[in-house]
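Thanks for coming. I will keep this short and go through one structure, from the sheet outwards to a few single residues.

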Amino acid sequence: MAATDSEPSLFSAWSYFQTQPPPPTLEDDVAGRGPGRKVALVTSGGTTVPLELNVVRFLDNFSAGTRGATSAEYFLKAGYAVIFMHRQFSLQPFSRHYSHSTNPFLDFLEIETDPEGTSADAARPKITATPSDNPACSTTLTFVTVNDYLWLLRAVSQELSVVGRNALYYLAAAVSDFFLPRQKLSEHKIQSGKGSLLIEMDQVPKILKPLVDEWTPDGFIVSFKLETDPALLIPKARAALERYGHHLVIGNNLNQRKHEVVFVSRRNRGSAVSDVDAHWLRIPTDAVDARGQPKEIEEDIVAELAKRHQAWIDQSWSQHPG
């Protein structure tokens with residue numbers, strides 16, 4: 001029987017990191033992190049769950065990483081240093097405008113005039129943003145498996161804990177809910193031709209709680225909740241705030257996620273979870289930005305988060321001046 005939200009995970013966060021090995025590149029990946037200004041850790045894309053030690057087959061959690069990559073651009077434009085922790089080969093800031101496209105790369109190049117002196121085809125797709133739009137540059141880290149993701153998130157958040165309230169955690173990655181512990185993995189490829197394949201998986205530990213309580217207690221932590229039933233968005237977000245004690249849940253309805261989200265937070269940190277504020281952000285489907293391009297709701301999401309994050313920093317200053 002599948003585990004439910006109310007059932008305890010077989011693996012606590014502590015037991016997970018005691019029994020599952022870290023990625024071999026972990027130490028090099030996180031060396032020297034932790035810039036001194038406001039910094040956003042943006043996680044993006046989905047995770048895989050290997051079914052064998054010598055991986056041939058795996059389960060995937062599909063996500064192109066659109067929201068994470070788009071948001072990272074707006075965090076950079078808002079003055080943040082960005083650590084972009086993403087699924088390998090998923091969308092990345094700026095390059096997303098021409099990667100993963102159905103148009104060949106050369107279609108994005110524009111010739112000013114043809115031999116007859118006429119202008120280039122105005123309908124041809126153009127690159128509308130490049131890294132040169134902002135001199136800041138994000139630091140990128142990649143993961144593939146859910147194990148990669150969990151170890152990286154712990155290591156990076158522990159490194160960033162030194163910047164205290166200046167750190168914002170934007171946890172937009174689509175993380176697998178279930179996994180196969182290393183001890184249960186087949187060493188070699190699972191052979192076919194033997195009838196049905198039955199796999200019993202363990203629940204991935206809920207790591208928001210140790211993130212909030214232990215790894216980065218002063219960080220401003222934002223998680224996401226995706227649902228297909230709009231009626232579940234706020235109750236599920238409220239339950240997450242109660243369970244983990246972080247700052248904010250951004251609720252997404254699958255079919256409206258590009259045009260509306262809801263920010264669910266306690267009116268006062270530490271107040272009863274029943275005392276929550278639900279703040280909706282909506283943009284018209286035909287909205288355009290200052291460049292005349294289709295507006296991206298991530299621009300407004302990041303603007304609202306930057307305002308709330310600054311208030312969190314200012315609150316610390318008022319409580320502990322000097």
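What follows is a walk through the sheet, two helices that lie on it, the nonpolar cores and some aromatic rings.

Before anything else, please note that this is a predicted model.

Let me start with the sheet. As general background, the strands of a sheet pair through backbone hydrogen bonds, and the pairing is either parallel or antiparallel. Here, eight strands make up an open sheet with mixed pairing. Reading across, the order is E5-E4-E1-E6-E9-E10-E11-E12. Which strands stand at the edges? They are E5, residues 139–143, and E12, residues 276–282. Each of the two has a single partner strand, so one of its sides has no neighbour in the sheet. From one strand to the next, the twist averages 20°.

Now to strand E4, which covers residues 81–87. On one side, E4 runs parallel to E1, residues 39–44, and six bridges join the two. Two of the bridge partners are worth pointing out on the screen. Thr-43 is partnered by Met-85 in E4, and Ser-44 is partnered by His-86. E4 also runs parallel to E5, with five bridges between them. In that pairing, Met-85 stands opposite Leu-141 of E5. How many of the residues of E4 are buried? Seven of the seven are, so the strand is largely enclosed by the rest of the structure.

Next, the helices. Helix H3, residues 66–77, lies across E1, E4, E6, E9, E10 and E11. Its direction is at about 170° to E4. Helix H4, residues 146–160, lies across E1, E4, E5 and E6, and runs at about 150° to E5.

One residue of H4 deserves a stop, and that is Asn-147. Buried or exposed? Asn-147 has a relative accessible area of 18%, and the cut-off for buried is under 20%, so Asn-147 counts as buried. Its side chain makes a polar contact of 2.5 Å with the side chain of Tyr-16. Setting aside neighbours within four places in sequence, Asn-147 is in contact with Tyr-16, Gln-20 and Pro-21.

On to the nonpolar cores. The largest has 44 residues, and the members that touch the most others are Leu-41, Met-85, Tyr-149, Leu-150 and Leu-171. H4 supplies the largest share of this core, with nine residues. There is also a second, separate core of 30 residues, and among its members are Val-42, Tyr-74, Tyr-80 and Val-82.

Met-85 has come up several times, so here are its contacts, not counting residues up to four places away in sequence. They include Leu-41, Val-42, Thr-43 and Ser-44, then Leu-141 and Phe-143, and then Tyr-149, Leu-152 and Leu-153.

Last, the aromatic rings. Searching the whole structure gives eight aromatic pairs. In one of them, Phe-75 and Tyr-170, the ring centres are 5.2 Å apart and the planes are at 80°, so this pair is edge-to-face. Phe-75 belongs to helix H3 and Tyr-170 to strand E6, so the pair ties together parts that are 95 residues apart in sequence. Phe-75 is buried, at 0% relative accessibility, and Tyr-170 is buried with a relative accessible area of 0%. Elsewhere, ring pairs link Tyr-16, Phe-17, Trp-151, Phe-179 and Trp-215 into a cluster. Tyr-16 is the residue whose side chain makes the polar contact with Asn-147.

That is the end of the walk.

Conventions:
Residues are numbered from 1 along each chain as its sequence is written. This is a predicted model: local features need pLDDT of at least 70, side-chain atom pairs count only at pLDDT 80 or more; totals for chains, interfaces and linings use all residues. Side-chain values use heavy atoms; hydrogens and water are left out. Two strands pair if DSSP finds at least two bridges between them. Helices (H or I, at least four residues) and strands (E, at least two) are DSSP runs, numbered from the N terminus. Axes are lines fitted to C-alpha atoms, for helices over the stretch in contact, and angles run from 0 to 180 degrees between N-to-C directions. Contact means heavy atoms within 4.5 Å. Buried means under 20% relative accessible area, exposed over 50%, partly exposed in between (1.4 Å probe, protein chains only). A polar contact is a pair of N or O atoms within 3.5 Å; within protein, one must be able to donate a hydrogen and the other to accept it, and residues adjacent in sequence count only if both atoms are side-chain atoms. A nonpolar core is a set of buried Ala, Val, Leu, Ile, Met, Phe, Trp, Tyr and Cys residues joined through side-chain atoms within 4.5 Å. Rings of Phe, Tyr and Trp (its six-membered ring) pair if their centres lie within 6.5 Å; planes under 30 degrees apart count as stacked, over 60 as edge-to-face and the rest as tilted.
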